[in-house]
Amino acid sequence: MILSFLFAAALAVVKIHASQVTMDAKIRDDSDLSQFYQLLEASQVANTTLTYRHVTVFAPTNRAFQKYNGSTKNLVLYHMSNRPLAIEELRDSISSELEGNPPLWITRRPGKYSGVDVYINNAKIYLEQSNFQSKLKVNGDTMTQVLHIINEVLEPVRSNSAESPIYNPNAFQFLNQSENLNLGDHRVRTFRQRIVIEKKEPIFKAEGRFTFFIPVDEGFKPEPRPQKIDQLVIDGHVLPNEVLFTAPTPEKVPYPTLVFSDNLRVVVSFLKQQNKVYVQSDTQVGDANHPAGVVLAEIVKANIPVRNGVVHLIQRPLMVVDSTVKDFLEVSARFQLFQVRFYEHRAKVC
């Protein structure tokens with residue numbers, strides 16, 4: 001209710017900027033969108049869309065492209081949808097124009113100072129610069145085109161293999177195709193194998209809204225650790241009914257996992273320090289095989305969008321409270337030292 005009120009208040013400020021200027025001209029004439037416009041010009045499909053169809057465009061700024069080092073092939077289509085939607089009309093997700101029509105996920109959060117912030121995947125929408133609308137006449141019909149400006153380039157899941165293309169995968173398809181995806185040096189074979197052995201594939205295939213935490217292979221040492229990944233531990237790596245990208249997700253807010261009962265209860269929260277993002281599992285109620293305790297893991301590759309939510313690759317498994325209690329204490333000590341130095345520096349500056 002409070003968030004709805006704040007969003008309504010924000011909309012009083014975010015106005016629809018209707019114009020006779022075409023969408024193409026609007027983007028072309030904005031010097032801060034020049035890199036995005038180059039991609040538009042190079043895409044025949046995107047040009048056809050702007051000439052003949054309804055569309056919503058999410059345009060990253062040049063600064064956003066300076067931080068992006070991924071492929072730009074057909075990237076512009078992942079920033080377009082064939083439904084013309086103003087900010088107030090955006091719901092939980094919207095289909096993109098990239099092959100397979102993978103979804104773009106919408107998040108609303110209370111603003112830092114006032115109103116509501118709106119995100120598309122991990123990118124923040126610049127509300128004041130968005131909601132530009134133009135009308136286009138095509139064979140007597142009126143096409144509506146909407147432009148929103150965002151602070152990050154949206155990156156889809158892509159296959160590195162022409163023989164094994166992947167379009168709009170769910171989380172399990174992502175795991176199965178991971179060797180063909182651009183995941184850097186990260187591998188997820190061990191966790192995928194445990195999912196298959198424990199017959200937990202349906203969770204990762206399920207339609208809906210989920211956040212999946214996938215431990216990379218390097219995190220399964222020492223050797224006994226893989227055997228500790230049973231059905232309940234796998235469930236503890238999944239958040240139902242939440243699609244949590246790192247930028248809009250608040251710190252230290254506990255989210256229930258699929259393991260949330262009177263007999264065994266696990267929550268997960270995010271921590272952000274020194275330009276890194278961590279996920280923390282807290283087994284609040286444990287049992288003989290799953291002791292109560294906290295496990296901290298760095299997110300080593302964040303914000304991978306899939307058809308049924310978002311995937312984060314993490315440094316080590318959650319819920320497995322073993323020798324890493326010592327690791328957790330060491331990381332916590334580093335956090336505290338960082339905070340002390342930060343406040344000392346701020347005191348000197350002030």
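**Aromatic pairs and a seven-stranded sheet**

Phe-213 and Phe-270 are both buried (under 20% relative accessible area, with a 1.4 Å probe and protein chains only). This is a predicted model, where local features need pLDDT of at least 70, side-chain atom pairs need 80 or more, and totals for chains, interfaces and linings use all residues. Residues are numbered from 1 along each chain as its sequence is written, and side-chain values use heavy atoms, without hydrogens and water.

Me: Which kind of aromatic pair do Phe-213 and Phe-270 form?
Reply: Rings of Phe, Tyr and Trp (its six-membered ring) pair if their centres lie within 6.5 Å. Planes under 30 degrees apart count as stacked, over 60 as edge-to-face, and the rest as tilted. Here the centres are 5.9 Å apart and the planes make 55°, and the pair is tilted.

Me: How many residues apart in sequence are the parts that this pair ties together?
Reply: Strands are DSSP runs of E, at least two residues, numbered from the N terminus. Phe-213 lies in β10 and Phe-270 in β13 (residues 265–273), so the pair ties together parts separated in sequence by 57 residues.

Me: Which are the edge strands of the open sheet?
Reply: Strands pair if DSSP finds at least two bridges between them. The seven strands run in the order β11-β10-β16-β15-β14-β13-β12, with mixed pairing. Two of them pair on one side only: β11 (238–240) and β12 (255–260).

Me: Which residue in β11 stands opposite Thr-211?
Reply: Strand β10 (residues 210–215) and β11 run antiparallel, joined by three bridges. Opposite Thr-211 in β11 stands Leu-239.

Definitions and conventions. Helix = DSSP H or I, 4+ residues; strand = E, 2+ residues; numbered from the N terminus. Buried < 20%, exposed > 50% of the residue type's maximum accessible area, 1.4 Å probe, protein only.
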